[in-house]
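Colleague: I should be grateful for a close look at the strands of this protein and how they are paired. Please set out the arrangement strand by strand.

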Amino acid sequence: MAYPFQLGLQDASSPIMEELMNFHDHTLMIVFLISSLVLYIITLMLTTKLTHTSTMDAQEVETIWTILPAVILILIALPSLRILYMMDEINNPALTVKTMGHQWYWSYEYTDYEDLCFDSYMIPTTDLKPGELRLLEVDNRVVLPMELPIRMLISSEDVLHSWAVPSLGLKTDAIPGRLNQATISSNRPGLFYGQCSEICGSNHSFMPIVLEMVPLKIFEDWSLSMI
């Protein structure tokens, strides 16, 4: 969950989000080093009167500033591609959930269970109970088992939506006529909040997502009570 004046990313709750945060720190350090070097060179050029007359014609300098950026891009691209393939890879999911975006609410269907489906609407501010979060609470939470790979199939019935849960590293577009998929795997139990991240209409910011990750035994009891 984000907090006021937060500058960094939300705490990682899934292996994918941990990899994304590591990649973010890796890339940020490279950008910081490049910026520091460029600032240092600019400062030297502005504060000294000495000029090396052959610098601009040196073949060695041109070789360095051609090869070095290519090496830096490779150092960024390789871990990026690795994470991209990790996010798309789904091996033997324990559960499949279909998510459909509507104006302006989400509907969920547990395809492994018969007649286990429901709509998830945002709770109006006037109906919130003490401790509940404004614009983020829903009437029906998505209950899922923790520490298991879960396949989420995402689509839309009207306009473009985007199903996003930042702390789990999830953001997948819901496109009418197309079925996208995402992998969910949580390291710990808890409530994880998200919102529609696509400008799908006047009320697109009122499509919250609440995932409740619980142990497998609790999930089984909940699914039996819902059928």
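Modeller: The model is a predicted one, and the account below should be read with that in mind.

I begin ahead of the strands. The UniProt annotation "transmembrane region", taken from an unreviewed entry, covers residues 27–46 and 66–85. In residues 66–85 the end C-alpha atoms lie 29 Å apart, and the span is 100% helix and 0% strand. For residues 27–46 the distance between the end C-alpha atoms is 29 Å, again with 100% helix and 0% strand. Helix α1 comprises residues 15–47 and contains L44. Together with L37, Y40, I41 and M45, L44 forms a nonpolar patch on the surface, with about 530 Å² of accessible area in total. The relative accessible area of L44 is 39%, so this residue counts as partly exposed, the class that lies between under 20% (buried) and over 50% (exposed).

The strands themselves may now be taken in turn. Strand β1 (residues 95–102) is joined to β2 by six bridges, and the two run antiparallel. A hairpin of two residues links β1 to β2. One pair in this ladder can be located directly: K98 has E109 of β2 as its bridge partner.

Strand β2 (residues 105–110) has five of its six residues buried, and it is therefore largely enclosed by the rest of the structure. β2 also pairs with strand β3 (residues 117–120), in the antiparallel sense, over four bridges. Here S107 is matched with D119 of β3 as its bridge partner. The hairpin of β2 and β3 has six residues between the strands, and within the hairpin D115 takes a positive phi near 65°.

Returning to β1, one finds a further pairing, with β5: seven bridges join these strands, which run parallel. G101 has S156 of β5 as its bridge partner. Strand β5 (residues 150–156) is mostly covered, with six of its seven residues buried.

From β5 the pairing continues to strand β8 (residues 180–184), which is antiparallel to β5 and connected to it over five bridges. Within this ladder, I154 has N180 of β8 as its bridge partner.

To trace the connections once more, β3 pairs with β2, β2 is joined to β1, β1 is joined to β5, and β5 pairs with β8. When side chains are inspected along these strands, one general point is useful: in a regular strand they alternate between the two faces of the sheet.

Key. Residues numbered from 1 in each chain as written. Predicted model: local features only at pLDDT ≥ 70, side-chain atom pairs only at ≥ 80, totals over all residues. Heavy atoms only, no water. UniProt positions renumbered as here; feature names shortened; annotations may be inferred. Buried < 20%, exposed > 50% of the residue type's maximum accessible area, 1.4 Å probe, protein only. Pairing = 2+ DSSP bridges. Patch = residues over 30% accessible without salt bridge, like charges linked within 9 Å, V, L, I, M, F, W, Y side chains within 5 Å. Areas by Shrake-Rupley, 256 points an atom, 1.4 Å probe, with all protein chains shown as cover. Salt bridge = Lys/Arg side-chain N within 4 Å of Asp/Glu carboxyl O.
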